[in-house]
Amino acid sequence: MANPIYKVIFHNQNQVFELYARAIYQSEMYGFIEVEEFVFGEKSQLVVDPSEEKLKSEFASVKRSYIPMHSIVRIDEVEKEGVGKVHEVKGDKIAHFPFPTPMRHPNDSE
């Protein structure tokens, strides 16, 4: 495969993003994956998917995106691009990475 395409699925703020890109790297910024060269469906399609249009507008001026590793659900190398999607997370079926609670000094008042 001369020019691979990757399907990247990640979660961000109660949404699951599924998008396609031609380049994925481990970032020099520790804990991040770099995603470049986003691929979207052809503009000549008769049926317009609002989910993919949302992705196009959100990533229209983005050259490279840095996604935290703990947000990545899956990365697949695929034969050809599909339709990018954004899904709202209903309920709490995604296990969130545990974040530490802010430390408070005992003398701090509420």
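**Exercise 1. The core**

Task: State which residues make up the largest nonpolar core, and which strands supply at least two of them each.

Solution. The largest nonpolar core holds 12 residues in all: Val8, Phe10, Phe17, Leu19, Ala21, Ile33, Val35, Phe38, Leu55, Phe59, Ile67 and Val86. Next, look at the strands behind this core. Strand 1, strand 2 and strand 3 (32–39) each supply at least two of its residues. Keep in mind that the model is predicted.

**Exercise 2. The overall layout**

Task: Find how many helices and strands the protein chain has, and in what pattern they follow along the sequence.

Solution. Start with the count. The protein chain has one helix and six strands. Now read along the sequence. The pattern is β-β-β-α-β-β-β.

Then turn to burial. Of the 110 residues in the protein chain, 32% are buried. The accessible surface comes to about 8,300 Å². Carbon and sulfur atoms account for 52% of that surface.

Last, consider contacts between residues at least 6 apart in sequence. Among these, 64% join residues at least 24 apart.

**Exercise 3. The aromatic pair**

Task: Identify the residues of the one aromatic pair, say how their rings are arranged, and decide whether each residue is buried or exposed.

Solution. The structure holds one aromatic pair. Its members are Phe10 and Phe17. Their ring centres lie 5.1 Å apart, with 5° between the planes. Planes under 30 degrees apart count as stacked, so this pair is stacked.

Now check burial. The cut-off for buried is under 20% relative accessible area. Phe10 has 6% relative accessibility, so Phe10 is buried. Phe17 has 2%, so Phe17 is buried too.

Finish with the surroundings of Phe17. Leave aside residues up to four places away in sequence. Phe17 then touches Val8, Ile9, Phe10, Asn12, Leu55, Glu58, Phe59, Lys85 and Val86. Both Phe10 and Phe17 are listed in the largest nonpolar core.

**Exercise 4. How the strands pair**

Task: Work out how many bridges join each of these strand pairs, and in which sense they run: strand 1 with strand 2, strand 2 with strand 3, strand 2 with strand 6, and strand 3 with strand 4.

Solution. Take one pair at a time.

- Strand 1 and strand 2 run antiparallel and are joined by seven bridges. Here Ile9 stands opposite Glu18 of strand 2.
- Strand 2 and strand 3 pair over six bridges, in the antiparallel sense. Ile24 stands opposite Val35 of strand 3.
- Strand 2 and strand 6 (residues 85–88) are antiparallel, with four bridges. Val16 has His87 of strand 6 as its bridge partner.
- Strand 3 and strand 4 are antiparallel, with five bridges. The bridge partner of Glu36 is Arg64 of strand 4.

**Exercise 5. The two faces of strand 4**

Task: Sort the side chains of strand 4 (residues 64–68) by face, and say which are buried.

Solution. The side chains alternate along the strand. Ser65 and Ile67 point to one face, and they are buried. Arg64, Tyr66 and Pro68 point to the other face, and they are not buried. Ile67 is also listed in the largest nonpolar core.

**Exercise 6. Turns and loops**

Task: Say which residues take a positive phi in the two hairpins, and how many residues lie between the strands of each.

Solution. Begin with the hairpin of strand 1 and strand 2. Two residues lie between its strands. Gln13 takes a positive phi near 50°, in a residue other than glycine. Asn14 lies in the loop between strand 1 and strand 2. Asn14 is not a glycine either, yet its phi is positive, about 60°.

Are they buried or exposed? Exposed means over 50% relative accessible area. Gln13 has 73%, so Gln13 is exposed. Asn14 has 52%, so Asn14 is exposed.

Move to the hairpin of strand 2 and strand 3. Five residues lie between its strands, and Gly31 takes a positive phi near 90°. Ser27 is found in the loop between these strands, strand 2 and strand 3. At 10% relative accessibility, under the 20% cut-off, Ser27 counts as buried. Leaving out residues up to four places away in sequence, Ser27 touches Phe32, Ile33, Glu34 and Tyr66.

Note on methods: Residues numbered from 1 in each chain as written. Predicted model: local features only at pLDDT ≥ 70, side-chain atom pairs only at ≥ 80, totals over all residues. Heavy atoms only, no water. Buried < 20%, exposed > 50% of the residue type's maximum accessible area, 1.4 Å probe, protein only. Phe/Tyr/Trp six-rings, centres within 6.5 Å; stacked < 30°, edge-to-face > 60°. Contact = heavy atoms within 4.5 Å. Areas by Shrake-Rupley, 256 points an atom, 1.4 Å probe, with all protein chains shown as cover. Core = buried A, V, L, I, M, F, W, Y, C linked by side-chain atoms within 4.5 Å. Pairing = 2+ DSSP bridges.
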